[in-house]
Amino acid sequence: MKSGKQEAVLLDKKQALAKAENFCVYQERSQKEVRYKLVEWGMRGDELEEIITDLIINNFLNEERFAKSYASGKFNIKHWGRVKIKQGLKLKGVPDKILQKAIYSIDDDDYLQTIEKLAVKKAESLGENDPFKRKNKLMSYLQAKGFETELILLVLKASNLK
């Protein structure tokens, strides 16, 4: 019977590079994710750095492309706000400059429309009649999705959802 944890498979540099290329082709990856996998496969030191360099040179690994793809996906599919996307990118080890570029690549109009759509949908499902409690529940929901408080207030006021 197999245990839940897989045994580390040690690879030589050539095998690790090929496997890392496939890992990056499957979906965009951050450098941190690729480094973690390479260490898991037994790569260390100069070999690891050479593989990372090779992946970057051959465009398998591109931190900016990863960050924009991540931000776009989390916004369009999961309807996350910039705050939550920023936290996710930080956890992936993306540098601040690239992270900022990625979160502000989201169109402002789409961003505000998404906040409004989510607010309207949530408001319809709330059984709360007290306007103060209702507004607080909407605020909490939208903040948990990662949207900025100022923008939430702006949208709630404009949509008359207070």
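Today I will talk about the aromatic rings in this structure and about the charged side chains that sit over two of them. Please keep in mind throughout that this is a predicted model.

The structure holds four aromatic pairs, and I would like to begin with the one formed by Phe23 and Trp41, which is edge-to-face, with 6.3 Å from centre to centre and 80 degrees between the planes. This pair links distant parts of the chain, since Phe23 belongs to helix α1, residues 13-26, while Trp41 lies in the loop between α2 and α3, and the two are 18 residues apart. Both Phe23 and Trp41 are buried. If you look at the face of Phe23, you will find Arg29 lying over it, at 3.7 Å from the ring centre.

Let us turn now to Tyr111 and Phe147, whose ring centres are 5.2 Å apart and whose planes meet at 55 degrees, so that the pair counts as tilted. Here too distant parts of the chain are linked, with Tyr111 in helix α7, residues 108-125, and Phe147 in the loop between α8 and α9, 36 residues apart.

Are these two rings buried or exposed? Tyr111 has a relative accessibility of 1% and therefore counts as buried, and Phe147, at 2%, counts as buried because the cut-off is under 20%.

Tyr111 has further partners, for ring pairs join Phe75, Tyr111 and Phe147 into a cluster, and Arg82 lies over the face of Tyr111, at 4.1 Å from the ring centre.

Key
Residues numbered from 1 in each chain as written. Predicted model: local features only at pLDDT ≥ 70, side-chain atom pairs only at ≥ 80, totals over all residues. Heavy atoms only, no water. Phe/Tyr/Trp six-rings, centres within 6.5 Å; stacked < 30°, edge-to-face > 60°. Helix = DSSP H or I, 4+ residues; strand = E, 2+ residues; numbered from the N terminus. Buried < 20%, exposed > 50% of the residue type's maximum accessible area, 1.4 Å probe, protein only. Lys NZ or Arg CZ within 6 Å of the ring centre and 35° of its normal.
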